[in-house]
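Reader: I would like to learn how to read a structure like this one. Please take me through a few features.

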Amino acid sequence: MDLTFNAEERAFQSEVRGFIAKNLTEEMKRATALTPSVFSDPDIGMAWQRALHRQGWGAPGWPVEYGGPGWTPAQRWIFETESARAGVPNVNVMGVKMVGPVIIGFGNPEQKNFYLPRILSGEDYWCQGYSEPGSGSDLSSLKTRAVRDGDDYIINGTKIWTTHAHHANRMFALVRTSDGPRQQDGISFILIDMKTPGITTRPILTIGGDHEVNQVFFDDVRVPVANRVGEEGKGWTYGKYLLEFERGSGIASAKLREGLKAIADLAESDLTGRAIDSPDIATRISEVEVDIDALEMTELRVLSALQTGQNPGAVSSILKLRNSEIRQAVTRLGADVIGHDALAVEPMRPLYKLNHEPAIPEDMLTVVPEYLNGRAYTIFGGTSEIQRDIIAKMMLGI
Amino acid sequence: MANDPLGYSPDVWKQFAELGWLALPIPEEFGGLGGGAVEIGILMEAFGRGLVSEPYVATIVLGASLIDRCGSMAQKQASLPKIADGSLKLAFAHSERAARFDLAKVATAANKTAQGWRLAGSKIAVLDGHAADEIIVSALIHDHHGPSGRIGLFLVRATEPGLVISDYPRLGGGRACNIDLADVHLPEDALLGDGHDALPAIEWAVDRTMAALGAEAVGIMQTLLDTTLEYTKIRKQFGRPLSANQVIRHRLADMAMQVDESRSMALRAALKVDAAPVERARAASGAKAKIGKCARFVGEQSIQLHGGMGVTEELEVGAYFKRLVAFDTLFGGSAHHYGRHAQLGRTA
């Protein structure tokens, strides 16, 4: 194992840097820095997705036959790291990184031909219909029901925490098509056009003041049976497959490092009265930096294991857990570093289109919203408690 | 073990020599194998798993490294092949009571004399000094103008008149000692190298050592995790194994995660031992701080999950825990190294 890149990899690194320098506009960069939620709004995020797609880099994790670039793990590492360093938009992952792999793995040829190109190009914008008000960590207890009626299903029920449902034109959802002996049985994976009559969306504001998630209601919504992926009743298998992508896509440390750098820059600035001169703050920055070093090294270990054909397994739970906890440590540190300026609330969104002078410096605007919204990191994608259950069961065998 | 005046086995040391482990990091031209920090780390992790108490760190990781880096060709030729074949054991006497963990603070004085050098001062916490044939002593060089500001490293025979070793059983196994030097007279060539300030070499050697000790701590933690996991499967309370309780399962998951993070940090520090000084030092201090913190958690929780038996000398858990406490203390604990990491970050 080696921490340095070879000549080919360095050449690729220059290529990525060149691409970013050419395509990342100041507007995209500023909008990304001033977005305190997980994903960029579609106008920013999809502009970046289109640029990536033009370059043939729209879906780094896909097989070449479906439009993937055929990168080695080291190339993916370089791409993700350079993207994080440059502050590129956070493209909503629901299409490329989530429903894409499921359609590739379990979809029929018609579905692949129709949906995959539209995901790559950014023509379709996806949201995820998993959680329900009564089904959080116990996801397979879900109750949204799809009843067969000729060539259609009729769907009734509700989904919650639906990220960007208010922007999406499509949803992939887990719905109950029958009742089996186990609650995981009888679940189907279905693709829904968000313009179908009977769908309504209610915004949910998170504590940082952002509208990113929603509740979606289904009232006799008619969806063609042809929109089901894979077999009826086997949706839980496909849904779990997708969750592994949600948890362990594996390269989070570069973004964490940029997040910490922004906080350390503030701490070294006169805007915070040089917070870093307090040994307490300086040491906490080091503690978080060291945690990021450890996560980065674990990611590299997983990556090099994948290169030699080993299966990372439950380590994706470790990566998810540590990423979410460190993310929260970064945002907590940020809220402390800006001192009294943490008291100022800016209710307008988006922050990159304010039509007035904010009460605190622009560089601080996202700090407290990110801290507040960031509490969600240890909850979504399987709570930290669920991840610990997985580690105990899969890694420790208890 | 605490009552064993030797603290290690000479037979085992001989086997280490036969297996090539003593030759591992020594350059090939001096009878070594030319291995690097990653290979040392693999060995150290295995030592940790078995709670080995042979003077490997003192002789090989500290002693041989310092001679290789600072010694003249003649000094290297005299010492390194003998270290590799097991016939020469070393120790490094550097820490002083007033210095705490500050590697730059040395009060022990080396005065230039007509015949060579005269050393006077006191050292503490010298790893395995009792087992050493020769001891590398750091001292502030005084020439005829007074203190020079340069630290020199001196190779002193353990039997040298004026050198008094007071050794004690070390927390977690092995031994350590305090050393008093009362007018120890040494020849000219006892000084390693040409008298350049040895502080950068000392920092380099200690950073390497912290990487190696980090790997050893990973092995110790892994054994504690394995042992504790096994115990929670067997031990039944309220009619079911301890491991059936979610609070226990989550504790074990946290322990496993911290062992894994520690493994990443030890490997990272090893991969950076030959990087530029600030990068190397930050990796070493980061690893020392993080692994120290994880070691306390894994060690303390291993005892907690073993219940009352964990607090007794009847189980090995306590011995492993004590070695982790010794690890965290050596060369400065977590708080010290987070502080050094922060300080280096601001000067970088």
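Author: Start with annotations: UniProt positions are given in the numbering used here, feature names are shortened, and annotations may be inferred rather than shown by experiment. In this case, the unreviewed UniProt entry places "domain: Acyl-CoA oxidase/dehydrogenase middle" at residues 127-221 of chain A. This is a predicted model, where local features need pLDDT of at least 70, side-chain atom pairs count only at pLDDT 80 or more, and totals for chains, interfaces and linings use all residues. Residues are numbered from 1 along each chain as its sequence is written, while chains are lettered from A and ligands numbered from 1 in the order in which they are written.

Reader: How much of residues 127-221 of chain A is helix, and how much strand?

Author: Helices (H or I, at least four residues) and strands (E, at least two) are DSSP runs, numbered from the N terminus. The span is 0% helix and 52% strand, and its end C-alpha atoms lie 17 Å apart.

Reader: Which residues of helix 12 of chain A are buried?

Author: Buried means that 20 or more other C-beta atoms, placed from the backbone, lie within 10 Å of the residue's own. Gln387(A), Arg388(A), Ile391(A) and Ala392(A) meet this in helix 12. They are on the same side of the helix because they cover an arc of only 140° around the axis, taken from the directions from the helix axis to the C-beta atoms.

Reader: What do the buried residues of helix 12 of chain A pack against?

Author: Contact requires C-beta atoms, placed from the backbone, within 7 Å. The partners are helix 10 (315-337) of chain A and helix 6 (246-271) of chain B.

Reader: What follows helix 12 of chain A?

Author: Gly397(A) does, with a positive phi near 70°.

Note on methods
A residue is buried if 20 or more other C-beta atoms lie within 10 Å of its own, exposed if 12 or fewer, and partly exposed in between; C-beta atoms are placed from the backbone. Two residues are in contact if their C-beta atoms, placed from the backbone, lie within 7 Å.
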